[in-house]
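Me: I've got a model open and I'd like to learn how to read it properly. Could you take me through it feature by feature?

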Amino acid sequence: RRRLEDLILVMVGIVATILAVFAVIAGPFLWDWLAPILKFQWIDAWMWALGRYAIAFTVLILGISVLYRWLPNVRQRWHHTLPGAIIASLLWLVGGTLFSAYLRQLEFYTVTYGSLGGIVITLLFFYMSGIIFVLGAEVNGALRTARDT
């Protein structure tokens with residue numbers, strides 16, 4: 001039973017991460033590629049940005065809430081996991097947006113980092129994501145401690 005739970009939690013994390021990364025980080029690159037071909041207007045750019053952030057925020061809150069609910073060896077209610085999940089989701093969206101802007105400005109990062117540039121960039125992004133995930137869990141832990149006292 002425990003291994004099945006672990007497998008499900010890993011799959012939830014993978015799906016949430018892939019969807020959020022695609023929506024936030026790969027979204028601008030996809031827009032730059034599609035906009036000239038399909039001749040989108042400026043209002044379409046706003047709708048594209050709003051839609052991809054709404055999808056990413058929803059997926060992140062759901063995925064992180066599931067992970068915060070079942071990863072600790074403590075029974076928790078869903079509404080107790082939401083504050084940390086909301087904070088982690090917002091911080092991840094801000095961090096992902098800034099990271100995407102960084103990648104757009106540094107188009108030739110392989111020149112900067114050498115042949116292992118893609119690996120360095122990916123590790124930097126995962127490091128940032130891990131810090132944000134732990135910060136949201138710490139918020140939930142602090143709220144639980146305050147609630148129990």
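Reply: Sure, let's go from the ground rules to the overall fold, then the helix packing and the aromatic rings. This is a predicted model, in which local features need pLDDT of at least 70 and side-chain atom pairs count only at pLDDT 80 or more, while totals for chains, interfaces and linings use all residues. Residues are numbered from 1 along each chain as its sequence is written, and side-chain values use heavy atoms, with hydrogens and water left out.

Me: What average pLDDT does the chain have, and where is confidence lowest and highest?

Reply: pLDDT is the predictor's confidence in each residue, on a scale from 0 to 100. Here the chain averages 84, and 94% of the residues score at least 70. Confidence is lowest in helix α5 (residues 109–113), with a mean of 66, and highest in α6, at 89. Where pLDDT is low, the predicted coordinates should not be read in detail.

Me: How many helices and strands does the chain have?

Reply: Both are DSSP runs numbered from the N terminus: H or I over at least four residues makes a helix, E over at least two makes a strand. This chain comes to six helices and zero strands, so its elements simply read α-α-α-α-α-α from the N terminus on. Along the principal axes, the C-alpha atoms fill a box of roughly 55 × 40 × 30 Å.

Me: What share of the residues counts as buried?

Reply: Burial goes by relative accessible area: under 20% is buried, over 50% is exposed, and in between is partly exposed (1.4 Å probe, protein chains only). Of the 149 residues in the chain, 30% count as buried.

Me: Now the packing. At what angle do α4 and α6 pack, and how far apart are their axes?

Reply: The idea is to fit lines to C-alpha atoms, for helices over the stretch in contact, and take the angle between N-to-C directions, from 0 to 180 degrees. Helix α4 (residues 78–105) and helix α6 (residues 117–148) pack at about 160°, with axes 8 Å apart. That makes α4 roughly antiparallel to α6, given the bins: under 35 degrees is roughly parallel, over 145 roughly antiparallel, 65 to 115 roughly perpendicular, and the rest oblique.

Me: Which residue classes make up the contact of α4 with α6?

Reply: Ala, Val, Leu, Ile, Met, Phe, Trp, Tyr, Cys and Pro count as nonpolar, Asp, Glu, Lys and Arg as charged, and the others, Gly among them, as polar. By that scheme the contact of α4 with α6 has 17 nonpolar, eight polar and one charged residues.

Me: How many aromatic pairs are there?

Reply: Rings of Phe, Tyr and Trp (its six-membered ring) pair if their centres lie within 6.5 Å; planes under 30 degrees apart are stacked, over 60 edge-to-face, and the rest tilted. The structure holds five such pairs. One of them joins Tyr-68 and Phe-133, whose ring centres are 4.9 Å apart with planes at 40°, so the pair is tilted. Tyr-68 lies in helix α3 (residues 42–70) and Phe-133 in helix α6, so this pair ties together parts 65 residues apart in sequence. Tyr-68 is buried at 5% relative accessible area, whereas Phe-133 is partly exposed at 27%.

Me: How are the rings of Trp-92 and Phe-125 arranged?

Reply: Their centres are 5.5 Å apart and their planes sit at 75°, so that pair is edge-to-face. Trp-92 is in helix α4 and Phe-125 in helix α6, 33 residues apart. Trp-92 counts as buried at 6% relative accessibility, and Phe-125 does too, at 5%. Trp-92, Phe-99, Phe-125 and Phe-126 form one aromatic cluster.

Me: How far is Val-134 from Tyr-68, and is Val-134 buried or partly exposed?

Reply: Here you compare separation along the chain with distance in space. Val-134, found in helix α6, is 66 residues from Tyr-68 along the chain, with their C-alpha atoms separated by 9.9 Å. Val-134 is partly exposed, at a relative accessible area of 47%.
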